[in-house]
Amino acid sequence: MTADPPKYRPLERFWPYAEMPEQPTAAELAALDPALQEALFGARPRPFSITIVFPALDVPAFSRALEIARGSAEFRETGSGAGHRYRARFWSSDAAHLRDLFEIVGGAGGTEVLIDDRPVPYARELWLPLVWFLIPR
């Protein structure tokens, strides 16, 4: 060792990572699962919604289904691999688009219908046909 003082003095705190903001961004908040968002921030008032959650399907109209789902009020992709799911939320004013999407993905075994983000008995058999009455003729 030399008696000379060091030419470089390290910081008292060493953090090799980029500085992260303390508050989440709007995009990060929008990507939260609805149940987690409700637990963290409380229930937000929003209109009645029906959400269709479906896996990737090997049907010819699947690209059309994704196009309809991306045009919904809220679209999200979750999971990976075999657990990859598409989640599309529709308001009651989008009943025609909801019906079009359900006609494509409704027959698949992995498709779920959620009423206000919750699984409800008879969602397919009762709630969807009731919303379809809102489609203007």
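Begin by selecting tyrosine 86, which has its place in strand 3. The model you have open is a predicted one, so it is worth colouring the chain by confidence before you go further: the mean pLDDT of the chain is 84, and 88% of its residues reach 70 or more. Among the elements of the chain, helix 3 has the highest mean pLDDT, at 94, whereas helix 1 (residues 26–30) has the lowest, at 78.

**Stop 1: tyrosine 86 and its strand**

Is tyrosine 86 buried or exposed? Its relative accessibility is 9%, which is under the cut-off of 20%, and therefore tyrosine 86 counts as buried. Now widen the selection to the whole of strand 3, where five of the seven residues are buried, so that the strand is largely enclosed by the rest of the structure.

Next, show the strands on either pairing of strand 3. Strand 1 and strand 3 run antiparallel and are joined by seven bridges; to see one of these, select serine 49, whose bridge partner in strand 3 is tryptophan 91. Strand 2 (residues 74–78) also runs antiparallel to strand 3, with five bridges joining the two, and here you can pick out arginine 76, whose bridge partner in strand 3 is arginine 87. Follow the chain from strand 2 to strand 3 and you trace a hairpin with six residues between the strands, where glycine 79 in the turn has a positive phi of about 75°.

**Stop 2: from tyrosine 86 to phenylalanine 54**

Keep tyrosine 86 selected and add phenylalanine 54, which is 32 residues away along the chain, although the C-alpha atoms of the two are separated by 5.4 Å. Leaving aside neighbours within four places in sequence, the contacts of tyrosine 86 include Phe54, Phe62, Leu66 and Phe75, while phenylalanine 54, on the same terms, is in contact with residues including Phe62, Leu66, Tyr86 and Leu101. Phenylalanine 54 counts as buried, because its relative accessibility is 0%.

Show the aromatic rings next. The count of aromatic pairs comes to six. In one of them, the rings of phenylalanine 54 and phenylalanine 62 have their centres 6.2 Å apart and their planes at 80°, so this pair is edge-to-face. Ring pairs also link Phe54, Phe62, Phe75 and Tyr86 into a cluster.

**Stop 3: the nonpolar core**

Which residues of the largest nonpolar core touch the most other members? This core has 24 residues, and the two to select are Phe54 and Leu101. Two or more residues of the core come from each of strand 1 (49–55), helix 3 (62–70), strand 3 (85–91), helix 4 (95–105), strand 4 (112–115) and helix 5 (123–132). In soluble globular proteins, nonpolar side chains tend to be buried together.

**Stop 4: the two faces of helix 3**

Finish by selecting helix 3, beginning with phenylalanine 62, which is buried with a relative accessible area of 11%. The buried residues of this helix include Phe62, Ala65, Leu66, Ile68 and Ala69. If you turn the view to look down the axis of helix 3, its buried residues fall within an arc of 160°, so they line one face of the helix. An α-helix has 3.6 residues a turn, so residues three or four places apart point the same way. Strand 1, strand 2, strand 3 and helix 4 are among what covers the buried residues of helix 3, whereas the face turned away from the buried side carries the exposed residues Ser63 and Glu67.

Definitions and conventions: Residues numbered from 1 in each chain as written. Heavy atoms only, no water. Phe/Tyr/Trp six-rings, centres within 6.5 Å; stacked < 30°, edge-to-face > 60°. Buried < 20%, exposed > 50% of the residue type's maximum accessible area, 1.4 Å probe, protein only. Core = buried A, V, L, I, M, F, W, Y, C linked by side-chain atoms within 4.5 Å. Helix = DSSP H or I, 4+ residues; strand = E, 2+ residues; numbered from the N terminus. Contact = heavy atoms within 4.5 Å. Pairing = 2+ DSSP bridges. Arc of directions from axis to C-beta. pLDDT = per-residue confidence, 0-100.
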